[in-house]
Amino acid sequence: MRKSNSTQRFNDKDELKMQLQLVPPCRVPRVGDIHRIETSTSTSTVTVRRRRRRNAVTTAMRAVVQRVASASVEVEGRIVSEIGPGLLVLVGIHDSDSDADADYICRKVLNMRLFPNENTGKAWDHSVMQKNYQVLLVSQFTLYGFLKGNKPDFHVAMAPQRAKPFYASLVDRFRNAYNSDAIKDGVFGAMMKVDLVNDGPVTMQLDSNSPK
């Protein structure tokens, strides 16, 4: 006797259910899991590692260092600071910055070998201190700006109430580590006009704690 279509459908469902029960459950591998890979020639183990984020967020003090033949800062039509040969340093302070970040930036800027050694002919051999040149520091919160659409956002920069004394302490660090007369700065929070003659040009970006 020929089986009815309805009976055949029930048998097909039962067979499919049994097949599904035989298939082991699938689990997404987690970080730290060790998986064994077998090939025709060898067997090896692979540890699942977390994928690095492509766009790591920098949480550090940032400095843009420019080697200059001269530089000056003007506020309300008056020159408040000027230097001859040396370094112009734009400083961006992140909201999470600490004294350790300030120490790092101060030490690195003063010891960066951005100047030539005329005696040996080496191009990148002397620091600003070895040349007895000057440093002009300028507070620059826009270094921590990013665009939301076409509008800049600066919320990750340290708030002015905290940033002003923090920046002043950074200037003091430079003066204590070098010759105080050789360290100049702008006016925190003022609308400044910065004039410079970039020598080279040479421009370096320095972060106190680069993203890993």
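In the predicted model, Lys131 forms a salt bridge with Glu118, the closest N and O atoms being 2.8 Å apart, where a salt bridge denotes a side-chain nitrogen of Lys or Arg within 4 Å of a carboxyl oxygen of Asp or Glu. Both Lys131 and Glu118 lie in the loop between H2 and E6, so the pair ties together parts that are 13 residues apart in sequence; helices (H or I, at least four residues) and strands (E, at least two) are DSSP runs, numbered from the N terminus. Lys131 counts as buried, at 17% relative accessibility, whereas Glu118 is exposed, with a relative accessible area of 57%; buried means under 20% relative accessible area, exposed over 50%, and partly exposed in between (1.4 Å probe, protein chains only).

This is a predicted model, in which local features need pLDDT of at least 70 and side-chain atom pairs count only at pLDDT 80 or more, while totals for chains, interfaces and linings use all residues. Residues are numbered from 1 along each chain as its sequence is written, and side-chain values use heavy atoms, with hydrogens and water left out.

By the salt-bridge rule, the count comes to eight. One of these joins the side chains of Arg162 and Asp95 (2.8 Å, N to O), linking helix H3, which holds Arg162, to the loop between E5 and H2, which holds Asp95, across 67 residues. Arg162, at 42% relative accessibility, is partly exposed, and Asp95 is likewise partly exposed, at 35%. Helix H3 also carries Arg175, whose side chain meets that of Asp185, in strand E9 (residues 183-185), in a salt bridge of 3.8 Å, N to O; Arg175 is partly exposed, at 29% relative accessibility. In addition, salt bridges that share partners join Asp99, Asp103 and Arg173 into one network.

The largest nonpolar core has 30 residues, and those with the most contacts inside it are Met61, Val65, Leu87, Val89, Val109, Leu137 and Phe174; such a core is a set of buried Ala, Val, Leu, Ile, Met, Phe, Trp, Tyr and Cys residues joined through side-chain atoms within 4.5 Å. Among the elements that give two or more residues to this core are strand E3 (62-75), helix H2 (99-111) and helix H3 (160-177), and the largest share, six residues, comes from H3. Leaving aside its neighbours within four places in sequence, Val65 is in contact (heavy atoms within 4.5 Å) with Leu87, Leu88, Val89, Val109, Met112, Leu114, Val202, Thr203 and Met204. Apart from the largest core lies another, of twelve residues, among them Val64, Val75, Leu90 and Leu143.
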